[in-house]
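Reader: I am new to protein models and would like to learn how to read one carefully, feature by feature. Please guide me through this one.

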Amino acid sequence: MSHLSLILLIVLFASIEGSFITSFEKYFGSKTPYRAVENKDTTPVEFPGCQPKKIWYIIRHGARAPTKKHLHNMEQNLPRIAQIIINAKSESFLAEIEELKKWKLPFDTEGILTAEGGRELSSLASRTKARFPTLFPEGYSKTHYYFRHTDAERTQSSARNFTFGLFGNEHYKVEYPPPPPVDLVLKFYKTCTRYKDEVDRYDYEEAIAFSKSDRVENVIATVNERLNLNGTLTFDDVDYMYQACIHEAASFRQSVWCSFLPLEAIKVYGFIDSLDNYHKSGYRCEVTYKQACPMFKSMIDHFERKDGPPTTVYFAHDGGILKFYAHLGLFKDDHHLNRTDYESSYQWDISKIGPFATNIAFVLYNCSSTEKVAVLLQERMIKLPNCGELCDFERIKLQYNDSINNCAHDQICKKKTHAL
């Protein structure tokens, strides 16, 4: 083989490997890396006759280590599963099995932001700065910027990485207010008793039914067959493999565990994640999305305030941001997401709407004598229900009047009483 042919072959294999990884990571559910959805077009967002005046921006933390439950399950089960796969010696995976023999869980602290998560936030900041140069000027000033994060390490580290993307080494000058003991803006769902009692404590029956369906059973059978196993691996075992795959690939861009899973398995478990998140954060129960009104009101208050910094950026979690999407009426189908939607087109796709670093920005523009608002999701222009790309601020306030004037968190979250 000539030197040129060898180079072309290497390039071909690199291309195949790259497309293989990309095709998988687009279906990682809430652990989808932001690189799978990011918008690299940094063209300034401009409208004729309009000038950007303020921005209200909320961003989920970047890629992180598994949280306590998943980390514990991986530590307890993956060594056992690895040994089963090694002992089976499937001839289709000899190279991967050799890699598996050397595998060690790359996470030792639950829930912390990884280096890739930091990169997601810093690069997002750089692109945002390019799109809105007047709202994100070079130097930090507390009269221009307001940043706040929740009490979690991963949001704090995300904030620091984002401000590094804005200000470079001078990001250490940024001031952050201490997270409040009860955070009704960013973690409203943590103190909503009715939500906890009626929604959060229960699993979604559609997710349970789908996980026991013939399609999922066939996927589990396929995984066993590929690995030369006679039905040894259960649904839970494959789920542990899936969790290792998506967490490792999201943070380190590769995982040997992904090699053992067909794309169909990734899609199936990703769909279960969408079903779970629809139940916990979507349209199934009114209290789920109504409780997000403090977050919406925060945006309205920011735009109406005559003084204070024009640029506000929050760093939060998908538990709040997804409920906020539902509060806005985004990604709503004409029926509740259910097990039969796996093979259909549906809007509540967590891989697309809830990846690591998912973000939504509201930008207030002065357009002659009228104030208008543009909304960007995942760095791309979207339309609110009944609005165009540039929507009158007064129209938004009228459309969401209930969110502004009837946002009594205690009343929304009050447990229902039943007559004896």
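Author: Let us begin with a pocket, where a good habit is to ask which elements supply its walls. In this predicted model, helix H11 gives the largest share of the lining of the largest pocket, namely 8 residues. At least two lining residues each come from H2 (68–88), H6 (193–200), H7 (205–211), H9 (235–252), H11 (263–281) and H14 (318–328).

Reader: How many Å³ of space lie in the largest pocket, and which residues are the closest to its centre?

Author: The largest pocket holds about 1500 Å³ of space. Its lining consists of 42 residues, and those closest to the centre are Lys69, His70, Asp273, Asp276 and Lys280. When the lining is sorted by class, 18 residues are charged, 12 are polar and 12 are nonpolar.

Reader: Where does the largest pocket lie with respect to the domains?

Author: To answer this, one first notes how the chain is divided, and here domain 1 comprises 40–63 + 118–184 + 284–419, while domain 2 comprises 65–111 + 205–281. The contact involves 23 residues of domain 1 and 22 residues of domain 2. Because domain 1 and domain 2 both contribute residues to the lining of the largest pocket, the pocket lies between them. Measuring from C-alpha centre to C-alpha centre, domain 1 and domain 2 are 33 Å apart.

Reader: How many cavities of 30 Å³ or more does a search of the whole structure find, and which residues line the largest cavity?

Author: The search finds 1 cavity of 30 Å³ or more, and the volume of the largest cavity is about 60 Å³. Its lining is made of Ile55, Tyr57, Thr128, Arg131, Phe132, Asn359, Ala361, Leu376 and Glu379, which by class are 5 nonpolar, 2 polar and 2 charged residues. Strand E1 (50–60), helix H4 (115–131) and strand E4 (359–367) each provide at least two of the lining residues.

Reader: Since E1 and E4 appear there, in which sense do these two strands pair?

Author: For any pair of strands, one looks at the sense of the pairing and then at the individual bridges. E1 and E4 pair in the antiparallel sense, over 9 bridges, and one example is cysteine 50, whose bridge partner in E4 is cysteine 367. E4 also pairs in the antiparallel sense with strand E5 (370–377), over 8 bridges, where tyrosine 365 has lysine 372 of E5 as its bridge partner. E4 and E5 form a hairpin with 2 residues between them, and serine 368 in the turn has a positive phi of about 60°. E4 is mostly covered, for 8 of its 9 residues are buried.

Reader: Do the side chains of a strand follow a rule, and which strand runs parallel to E3?

Author: In a regular strand, the side chains alternate between the two faces of the sheet. Strand E2 (145–149) is joined to strand E3 (311–316) by 5 bridges, and the two run parallel. In E2, 4 of the 5 residues are buried, so that the strand is mostly covered.

Reader: Is histidine 149, which lies in E2, buried or exposed?

Author: A residue counts as buried when its relative accessible area is under 20%; histidine 149 has 7%, so it is buried. Its bridge partner in E3 is phenylalanine 315. Beyond its neighbours up to four places away in sequence, histidine 149 touches Thr155, Gln156, Ala159, Tyr176, Pro179, Leu186 and Phe315.

Reader: In which loop does phenylalanine 136 lie, and is it buried or exposed?

Author: Phenylalanine 136 lies in the loop between H4 and E2, and its relative accessibility of 1% is why it counts as buried. Leaving aside neighbours within four places in sequence, phenylalanine 136 has contacts that include Ile55, Tyr57 and Thr128, and these three residues are also among those lining the largest cavity.

Reader: What is the distance in space between isoleucine 246 and cysteine 258?

Author: Their C-alpha atoms are 7.7 Å apart, while in sequence isoleucine 246 and cysteine 258 are separated by 12 residues. Isoleucine 246 belongs to helix H9 and is buried, with a relative accessible area of 2%. Outside its neighbours within four places in sequence, isoleucine 246 is in contact with Phe28 and Lys31.

Technical notes:
Residues numbered from 1 in each chain as written. Predicted model: local features only at pLDDT ≥ 70, side-chain atom pairs only at ≥ 80, totals over all residues. Heavy atoms only, no water. 1 Å grid on protein atoms, 1.4 Å probe; cavity = no way out; pocket = protein on both sides within 12 Å on 5 of 7 lines; lining within 4 Å. Points joined across faces, edges and corners; volume = space filled by probe spheres on them. Nonpolar A, V, L, I, M, F, W, Y, C, P; charged D, E, K, R; others polar. Domains from an automatic or database assignment. Buried < 20%, exposed > 50% of the residue type's maximum accessible area, 1.4 Å probe, protein only. Pairing = 2+ DSSP bridges. Contact = heavy atoms within 4.5 Å.
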